[in-house]
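Trainee: I am new to this structure and would love a close look at a single part of it. Please start with the ligand site and then lead me outward from there.

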Amino acid sequence: MAGDASARGITPGADTTAGGHMSADEFRRAGHAVVDWIADYWQTLEKHPVRPSDPPGTVARALPVTPPEHGEPFDRILTDLDRVVVGGLTHWQHPGFFGYFPANTSAPSVLGDLVSAGLGVQGMLWATSPACTEVETVMLDWLAQLLELPQRFRSGSTGGGVIQDSASSATLVATLVALHRASGGTWRTAGTAAGYAVYTSTEGHSSIEKAARIAGVGDQGVRLIDVDPVTLAMRPDALRRALDADLAAGRRPAIVVATVGTTSTTAIDPVEEIGAICTEYGVWLHVDAAYAGAAAVCPELRWTHAGLERADSYCFDPHKWLLTGFDCDAFWVADRAELVEALTVMPEYLRNALSDAGAVIDYRDWQVPLGRRFRAVKLWFVLRWYGAQGLQAHIRSAVAHAAWFADQVRADDRFEIVTPGPFSLVCFRLRGQSDEVNSALLAGVNASGSVLLTHTRVAGRFTLRLAVGAPRTERRHVAAAWELIADTATGLLADQQRRDDG
Ligand code: PLP
């Protein structure tokens, strides 16, 4: 058990004011107990199966059907965290978590989130909490320096950065500004985006199509551009053909979304060439580096971002691979005036002299919702605690673990690497075996409970994915995962041989 309330200095029944506001002393005791609980949880993560095996409804059934009529002591709430919740978790911070992409958190991030929650400020306008806005502006400039992003994305230039909740929201906002530009400003009043087109590769993230739907472009305005069959990167010649075809048919190209590190295989679109085409056709270029952007903190991986000078906007998720808890997407535009023009609506009740004078950043104009919390504080804590070198060490260790794993796969001729990548994802499968056998391999490996891998399809074929990035993953965990995969394969292939023989 991660937590034992009484062992954490909470005397059962001692917080007698449950039902009223917590006193400062009660909060101190409960807060220390919660921090202890989290520290214990992290320390004992390996004891848990990475993914729960209980059937759907198990957690819901452990909760009362009706809400409590009277407040309950905090120790009972904390006890139920173990009793009800922990067993129903997929443990994303587990060192054996190799699924999807990582969703890192870290102690400084959690503490920053705690401070943000405690401050409880609402940073919709500069005026509603100046520090909330200014820390965010500086943090995004810090990040831009850490990734060596183009100068025009910095707040001292024409652009600037903002924290969105997710890469999906960043793409949506980019799509909205792109429509604003493509329509010559009329999109704001037209009430429709029918007749426009959005371009990404067949490997682009589903959030791009979702953004097109929300923005009113609709599925019929989405063009999924062919990829190179080997690299799975967008083909510039195919993009050009699609743009020409749309223009000839009277459709208006609004935005191209290129990806650095596609979700399936971490393919890298040729941003330089795509950017040149976007410039030629006057189309907005958004670069989605949700997972792989974090790698650019390492100079030796910045080549993956070549051509970014041509982008109108760019985003990556510190909440994936940069030790910052969900949610935190970093989104930059090269021209902040255009963004604000596209999204601003100024009701009287928000009016203030500094906003009216354009003297401050009001981040409400850079996102879909009005309200926003102080997410920059966790980024501030993370960047200061780790420093550039700590962040680089985190990325480099994951990349090295993935490279080591890929070497094991290559050295075993029963397996093949499906698409090599420079980041921390390895896509592989049993060579010459059916999708069923590869799917059985994944199921067998995950049934162990000690690791979690997920899958994708590459050129229609079932492919296993091992993504490294959880903060506590060490070489021994990757080695244990490989041993498990190799042993499971041995068992599966022997079974198959027996069936073939008999
Ligand atoms: N874009 C890419 C390339 C992704 O890999 C993902 C998620 O894995 C997303 C966008 C969506 O990220 P978010 O959950 O931050 O919206």
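Which of the 14 residues around the ligand come nearest?

Mentor: Happy to help. This is a predicted model, in which local features need pLDDT of at least 70 and side-chain atom pairs count only at pLDDT 80 or more, while totals for chains, interfaces and linings use all residues. Residues are numbered from 1 along each chain as its sequence is written, and side-chain values use heavy atoms, with hydrogens and water left out.

Now to your question. Ala167, Ser168, Thr263, Asp288 and Asp317 come nearest among the 14 residues around the ligand; a residue is near if one of its heavy atoms lies within 4 Å. By type, this shell holds 3 nonpolar, 8 polar and 3 charged residues. Here Ala, Val, Leu, Ile, Met, Phe, Trp, Tyr, Cys and Pro count as nonpolar, Asp, Glu, Lys and Arg as charged, and the others, Gly among them, as polar.

Look next at the polar side chains. In Ser168, a side-chain N or O atom is 2.5 Å from an oxygen atom of the ligand. Lys320 has a polar side-chain atom 3.0 Å from a ligand oxygen, and for His319 the distance from a side-chain N or O atom to a ligand oxygen is 3.2 Å. The protein buries 86% of the 390 Å² that the ligand exposes when taken alone, an area from the Shrake-Rupley method with a 1.4 Å probe.

Two helices each give at least two residues to the shell: helix 6 (167-182) and helix 11 (318-321). Helices are DSSP runs of H or I with at least four residues, strands are runs of E with at least two, and both are numbered from the N terminus. Follow helix 6 away from the ligand: its 16 residues reach 22 Å from first C-alpha to last, close to the 22 Å expected at 1.5 Å a residue. That expected span is 1.5 Å times one less than the number of residues. Helix 6 is mostly covered, with 13 of its 16 residues buried; buried means under 20% relative accessible area, exposed over 50%, and partly exposed in between, with a 1.4 Å probe and protein chains only. After helix 6 comes Gly184, which has a positive phi near 65 degrees.

Beyond helix 11, the loop that leads to strand 7 (329-333) deserves a pause. Leu323 sits in this loop and has a positive phi of about 65 degrees although it is not a glycine. Leu323 counts as buried because its relative accessibility is 2%. Asp327 is in the loop between helix 11 and strand 7 too, and a cis peptide bond with omega of about 5 degrees joins Phe326 to Asp327.

Finally, turn to the loop between strand 4 (252-259) and helix 10 (271-281), where you will find Thr266. Thr266 is not a glycine, yet its phi is positive, about 60 degrees. With 3% relative accessibility, Thr266 counts as buried. Ser264 and Thr265 are among the residues in contact with Cys427, leaving aside its neighbours within four places in sequence; contact means heavy atoms within 4.5 Å. Cys427 is found in strand 9 and is buried, with a relative accessible area of 1%.

Notes:
Polar contact = N/O pair within 3.5 Å; in protein donor to acceptor, adjacent residues only side chain to side chain.
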